[in-house]
Amino acid sequence: MALAVRMRVPCRALLCAGAQLRGAALGRPEWAAGGGDGARRFASLRVLVEPGAEGRVAVMKLKNPPVNSLSLDFLTEFLISLEKLENDKAFRGVVITSDCPNVFSAGLDLREMYGRNPGHYAEYWKAVQELWLRLYLSNLVLVAAINGSCPAGGCLMALTSDVRILSDSPKSVIGLNETLLGIVAPFWFKDTLVNTIGHRASERALQLGLLFPPAEALQVGLVDHVVPEDQVQSMALSVMAHWLAIPDHARQLTKAMMRKATADRLIKQREADIQNFVSFISRDSIQKSLQIYLEKLKQKKG
Ligand SMILES: CC/C=C\C=C\CC(=O)SCCNC(=O)CCNC(=O)[C@H](O)C(C)(C)COP(=O)(O)OP(=O)(O)OC[C@H]1O[C@@H](n2cnc3c(N)ncnc32)[C@H](O)[C@@H]1OP(=O)(O)O
């Protein structure tokens, strides 16, 4: 039974070791303990982890300004933080939120997917897979407190949570908008969406690259609650308390039962998925689409 509850994801240790090496190579400290909570509060450059009330819940704040794009450095730091929390038996739940105003996460970092070499694309995609697997199969209760815009990879990250709370703001749009960039959401992005909002709604949302405003996101089931911006965190903690009232072993086994088949589809073909990504993203036509999209983002500023 313990084996079933504690599902491990292969290659995690390797990825984390890689991250530590990368950080060390950059000559900066990996972790800084801080504040009165001593060892329980820790931070990397891009992820702040604070213990919440009663110490059973941690709040992870994404801090990769300006838009919390999921760069390789960010992903590796996030995975190390998550592993620390998973390994600390005191923690039963994590609220994931953003430290950047108006943006939860802008999704995958386009600069990691444009103008690089195949080896880099492969390393990056492996880290993206790892993020999804670790979050999707986490034994912790995960609540996404989505306090801003949440496109593409940001939406994928939120979809791995057990509950999503979205701030009621015109900036807080959420969805898998990959087609707008001329790229295609991989099957495991699609599976995660289908498991959340169903097949027909996903088909429409994915083809049109829809970014749902709060009321529509709630209606389609992409998020569970929409609340005023200043209540996102308190709502997340109150929902968390409800989920923590369930015995961990029963909840964890149920979560695994619901999610394992979806995760296994990727686990069984991780290497092929990496190769598909590398050949897709390396195509001249895809690189051109990304270039145009990046230029549009820059022009938007005027
Ligand atoms: C085979 C399948 C392969 C891939 C799957 C990919 C999934 C993805 O996640 S692709 C990424 C999709 N993301 C988006 O479409 C979001 C793009 N960004 C935005 O729409 C906006 O930036 C915003 C998130 C709504 C925030 O808007 P705002 O606050 O007005 O900031 P900006 O001025 O737009 O951006 C500031 C700065 O950040 C850069 N940037 C924005 N998004 C990304 C990103 N995803 N990756 C890298 N960089 C990003 C933007 O270009 C600006 O850069 P400057 O250098 O300051 O101009």
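# Ligand shell, core and backbone of a predicted model

Visitor: How many residues surround the ligand?
Guide: This is a predicted model, in which local features need pLDDT of at least 70 and side-chain atom pairs count only at pLDDT 80 or more, while totals for chains, interfaces and linings use all residues. Residues are numbered from 1 along each chain as its sequence is written. A residue is near a molecule if its C-beta atom, placed from the backbone, lies within 6 Å of it. The closest are Ala 106, Gly 107, Leu 108, Ala 152 and Gly 153, and the residues that surround the ligand number 27.

Visitor: Which element gives the most to the shell around the ligand?
Guide: Helices (H or I, at least four residues) and strands (E, at least two) are DSSP runs, numbered from the N terminus. Two or more residues of the shell come from each of α5 (152-159), α11 (270-282) and α12 (284-300). The element that gives the most, with 3 residues, is α12.

Visitor: How many residues of the shell around the ligand are nonpolar?
Guide: Ala, Val, Leu, Ile, Met, Phe, Trp, Tyr, Cys and Pro count as nonpolar, Asp, Glu, Lys and Arg as charged, and the others, Gly among them, as polar. The shell has 6 polar and 6 charged residues, and its nonpolar residues number 15.

Visitor: What share of the residues in the protein chain is buried?
Guide: A residue is buried if 20 or more other C-beta atoms lie within 10 Å of its own, exposed if 12 or fewer, and partly exposed in between, with C-beta atoms placed from the backbone. The protein chain has 12 helices and 10 strands. Of its 302 residues, the buried share is 40%.

Visitor: Which element gives the largest share of the largest nonpolar core?
Guide: A nonpolar core is a set of buried Ala, Val, Leu, Ile, Met, Phe, Trp, Tyr and Cys residues joined through C-beta atoms within 7 Å. The largest has 76 residues, and Val 94, Val 143, Ile 146, Ile 165 and Ile 174 touch the most other members. The largest share of this core is 10 residues, and it comes from α4.

Visitor: Why are the buried residues of α9 on the same side of the helix?
Guide: Helix α9 (residues 232-244) has 13 residues and reaches 18 Å from its first C-alpha to its last, close to the 18 Å expected at 1.5 Å a residue (1.5 Å times one less than its number of residues). Its buried residues are Val 232, Met 235, Ala 236, Val 239 and Met 240. They lie on the same side because, taking the directions from the helix axis to the C-beta atoms, they cover an arc of only 140°.

Visitor: Which elements do the buried residues of α9 pack against?
Guide: Two residues are in contact if their C-beta atoms, placed from the backbone, lie within 7 Å. Among the residues that Ile 165 touches are Val 232, Met 235, Ala 236 and Val 239. The buried residues of α9 pack against β4, β5, β6 (141-146), β8 (163-167) and β10 (225-227).

Visitor: Is Asn 68 buried or exposed?
Guide: Asn 68 is in the loop between β4 and α3, and it has a positive phi of about 50° although it is not a glycine. Within 10 Å there are 27 other C-beta atoms, so Asn 68 is buried.

Visitor: Where is the proline that follows a cis peptide bond from Pro 65?
Guide: The bond from Pro 65 to Pro 66 is cis, with omega near 10°. Pro 66 is found in the loop between β4 (57-62) and α3 (72-87).

Technical notes. Lists of a residue's contacts leave out its neighbours within four places in sequence.
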